[in-house]
Amino acid sequence: MEFSLTYAIDGKEITSTLIENEDYCLEISEEEGGARFTPGGSQFVMKIIAKRPLTLIKAKVMIPQSLSKGDWIYANGFQSWTDTREFSFDEVLRDLGKVPAFIRQRFHLDSYGDSYFYKYRENEIHSFTYGYVRHPDGTAELIGSRNFENAYLIIAYEKDLNRLTARSDCACKYVEKEFTLFSFVLYSGKSFEILSKYFETLGKCDAQPIKGYTSWYRFYQNIDEKKMLENLKGIDSSEFNLFQIDDGYETHVGDWLDVDPKKFPSGLNPIVNRIHEKGLLAGIWIAPFVCEEKSRLYKEHPDWIYKEEGETPVHSGNNWGGHVALDIRKEEVQGYIRSVLKHYIDMGFDLFKLDFLYAASLIRDDNGGRTRAEIMRMGMKLLRDCLKDKLLLACGVPLSSAFGLADYARIGPDVSLSFDDKFYMRRMHRERISTKLTIQNTVFRSCMDGTVFRCDPDVFLLRDKDIRLSKDQRRALVMLNHLCGSVYMTSDDVGQYDAEKRAVLKEARNLSDASIEDISFDGRIIEIKYRLDKSFVLRYDTQKGVLLDG
């Protein structure tokens with residue numbers, strides 16, 4: 001096995017391929033075949049033991065695996081919104097390097113995904129945390145991380161070099177004693193079976209499925225007390241169990257304790273009370289790790305903003321005209337986040353949809369000596385500790401950072417009101433709004449559901465007004481959401497559903513009890529085998545966005 005480690009010591013950068021030298025030694029543990037793909041599964045662990053303090057820069061191991069033209073490569077994206085699916089051998093991942101620099105910089109596109117810290121290669125398909133290669137004969141080899149608390153595992157399928165390289169995103173880690181560089185399992189077998197097996201070994205989530213309403217895809221930020229109460233009237237508590245207030249109640253993103261007095265003159269308390277009177281859970285949306293540049297927080301606490309080299313604020317995206325990352329390493333920032341969440345817990349909210357969480361992964365901890373994954377995991381543990389037994393729905397999050405901490409997690413980008421959004425957006429970042437990409441993510445990440453968390457595939461929309469999805473596309477969306485996830489949200493005024501829409505929703509609800517037996521993909525058609533009282537097959541056309549069931 002080939003290995004390479006780059007580190008810094010005494011101000012000097014060193015690259016080594018040795019198992020041991022004067023600075024460190026590597027402790028390697030191999031079980032059931034070591035770094036080899038086996039039907040029963042094998043495990044590989046590599047720890048670095050420092051002989052004197054050093055700072056890690058990067059590490060990689062080359063794992064024997066042959067790649068060929070007929071192969072399909074599963075690439076799991078960096079965060080919730082990043083496109084995830086099987087790619088053909090000849091495909092390439094969308095690289096922001098091909099987007100004009102002035103557009104990338106103007107809209108801070110690099111901040112949303114992994115291009116902020118990982119350099120794309122034209123002949124490489126890379127995957128985060130887990131990935132597999134599926135061969136023409138149906139067999140597949142999967143690699144899956146068990147080291148997500150320490151360092152992100154980046155699995156690089158280097159097609160031009162015909163090899164698989166496992167990379168540890170260990171940059172900035174200061175090691176005085178020891179640190180786990182790699183811990184991963186390798187399986188061979190049918191792709192769906194080994195993917196399911198990998199997630200089953202990571203845990204079990206006991207959170208119950210959610211059937212709810214969210215204000216976002218009907219009103220976006222244009223919400224107020226009257227609209228919330230009117231839409232609440234149409235929610236039948238025998239069919240739904242959650243009513244969530246989304247973005248738009250606050251004066252500015254970041255100023256979470258300042259509810260807009262024009263929109264909500266009585267505050268949010270009366271609405272929470274009305275939600276509970278209907279027997280529903282009350283949910284609220286907060287983006288705790290960011291603030292917009294127009295916010296009071298940004299102006300009053302410039303020292304809370306994460307800055308590159310202590311000078312330049314780091315933008316975390318262009319939403320709301322531009323937003324920046326909070327430095328969650330600071331006690332004052334953590335204290336503010338705790339006070340915000342406590343405020344809404346005390347108000348009676350039951351579920352917290354916490355969004356734009358990837359902002360914490362933008363922090364480069366040069367002085368603190370922690371990896372990107374450690375900072376992100378620290379942020380998730382902070383949120384879990386604050387919420388205690390309240391429900392946490394993580395969104396815009398590097399998924400492995402949410403493993404075992406979030407009750408629910410979004411697994412795809414936002415649904416768009418048309419099938420694949422505007423044509424120019426299709427040339428942008430991998431985290432763009434798109435119903436087409438959302439549905440693909442929903443299917444290809446469905447194996448997570450009920451293990452590391454419950455999967456949130458985003459909303460279904462059946463309404464006829466203010467939407468450009470066809471009737472057949474809307475049906476496919478609601479059916480696949482219920483088959484592949486556990487969070488069934490809508491932004492429709494469900495009180496206005498006619499008999500036809502209610503029949504479609506009832507049909508979809510039946511699928512929420514199904515168990516998926518297999519998923520296959522030929523580059524266009526996804527075929528899902530599932531079981532209710534007997535086995536069924538559902539076929540979905542990824543290009544047209546419709547089901548092929550006649």
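**Exercise 1. The pair H11 and H12**

Determine how helix H11 and helix H12 are oriented to each other in this predicted model, and state which residues form their contact.

*Solution.*
Step 1. Helix H11 covers residues 471-484 and helix H12 covers residues 499-511; the two pack at an angle of about 30°, and their axes are 7 Å apart.
Step 2. Angles under 35 degrees count as roughly parallel. H11 and H12 are therefore roughly parallel to each other.
Step 3. The crossing in which H11 passes H12 is right-handed.
Step 4. On the H11 side, the contact is formed by Lys471, Arg475, Val478, Met479, His482 and Leu483. Their partners in H12 are Glu500, Val504, Leu505, Glu507, Ala508, Arg509 and Leu511.
Step 5. Sorted by class, the residues of the contact of H11 with H12 comprise 7 nonpolar, 1 polar and 5 charged.

**Exercise 2. Length and burial of H11**

Check the span of H11 against the expected value, and establish how many of its residues are buried.

*Solution.*
Step 1. The expected span is 1.5 Å times one less than the number of residues. For the 14 residues of H11 this gives 20 Å, and the end C-alpha atoms are 20 Å apart, so the two values agree.
Step 2. A residue is buried when its relative accessible area is under 20%. By this criterion 12 of the 14 residues of H11 are buried, and the helix is mostly covered.
Step 3. The buried residues include Arg475, Val478, Met479, His482 and Leu483, each of which also takes part in the contact with H12. Also buried are, among others, Gln473, Arg474 and Asn481.

**Exercise 3. The pair H4 and H5**

Classify the packing of helix H4 with helix H5 and describe the composition of the contact.

*Solution.*
Step 1. H4 (residues 225-233) and H5 (residues 269-277) pack at an angle of about 0°, with 11 Å between their axes.
Step 2. This angle makes H4 roughly parallel to H5.
Step 3. H4 contributes Glu225, Met228, Leu229 and Leu232 to the contact, while H5 contributes Ile271, Arg274 and Ile275.
Step 4. Of the residues in the contact of H4 with H5, 5 are nonpolar, none is polar and 2 are charged.

**Exercise 4. From the pair H7 and H8 to Phe352**

Describe the packing of H7 with H8, then identify which residues of that contact are also touched by Phe352.

*Solution.*
Step 1. H7 (residues 331-347) and H8 (residues 372-387) pack at an angle of about 35°, with their axes 9 Å apart. H7 passes H8 in a right-handed crossing.
Step 2. Gln334, Ile337, Arg338, Leu341 and Ile345 of H7 meet Met378, Leu382, Leu383, Asp385, Cys386 and Leu387 of H8. This contact of H7 with H8 holds 8 nonpolar, 1 polar and 2 charged residues.
Step 3. Phe352 belongs to strand E23 (residues 351-354) and is buried, at a relative accessible area of 0%.
Step 4. Among the residues that Phe352 touches are Leu341, Ile345 and Leu387; Leu341 and Ile345 stand on the H7 side of the contact described above, and Leu387 on the H8 side.
Step 5. Phe352 also touches Ile286. These two residues are 66 residues apart in sequence and 7.2 Å apart in space, C-alpha to C-alpha.

**Exercise 5. Two residues with positive phi**

Locate Cys172 and Asp466, and decide for each whether the residue is buried or exposed.

*Solution.*
Step 1. Most residues other than glycine have a negative phi. Cys172 has a positive phi near 85°, and Asp466 has a positive phi of about 55°.
Step 2. Cys172 occupies the loop between strand E12 (163-169) and strand E13 (174-175). Its relative accessible area is 6%, so Cys172 is buried.
Step 3. Asp466 occupies the loop between strand E26 (454-456) and H11. Exposed means over 50% relative accessible area; at 61%, Asp466 therefore counts as exposed.

**Exercise 6. Two strand residues**

Describe the setting and accessibility of Thr6 and of Arg539.

*Solution.*
Step 1. Thr6 lies in strand E1 (residues 2-9) and counts as buried at 3% relative accessibility.
Step 2. Beyond four places in sequence, Thr6 touches Glu13, Ile14, Thr15, Leu56, Ile57 and Lys58.
Step 3. Arg539 lies in strand E30 (residues 535-541) and is partly exposed, with a relative accessible area of 34%.
Step 4. Beyond four places in sequence, Arg539 touches Ile525, Ile526, Glu527, Val546, Leu547 and Leu548.

Technical notes:
Residues numbered from 1 in each chain as written. Predicted model: local features only at pLDDT ≥ 70, side-chain atom pairs only at ≥ 80, totals over all residues. Heavy atoms only, no water. Axes fitted to C-alpha atoms, helices over the stretch in contact; angles between N-to-C directions. Helix = DSSP H or I, 4+ residues; strand = E, 2+ residues; numbered from the N terminus. Parallel < 35°, antiparallel > 145°, perpendicular 65-115°, else oblique. Left-handed = near helix turned anticlockwise from the far one by under 90°. Contact = heavy atoms within 4.5 Å. Nonpolar A, V, L, I, M, F, W, Y, C, P; charged D, E, K, R; others polar. Buried < 20%, exposed > 50% of the residue type's maximum accessible area, 1.4 Å probe, protein only.
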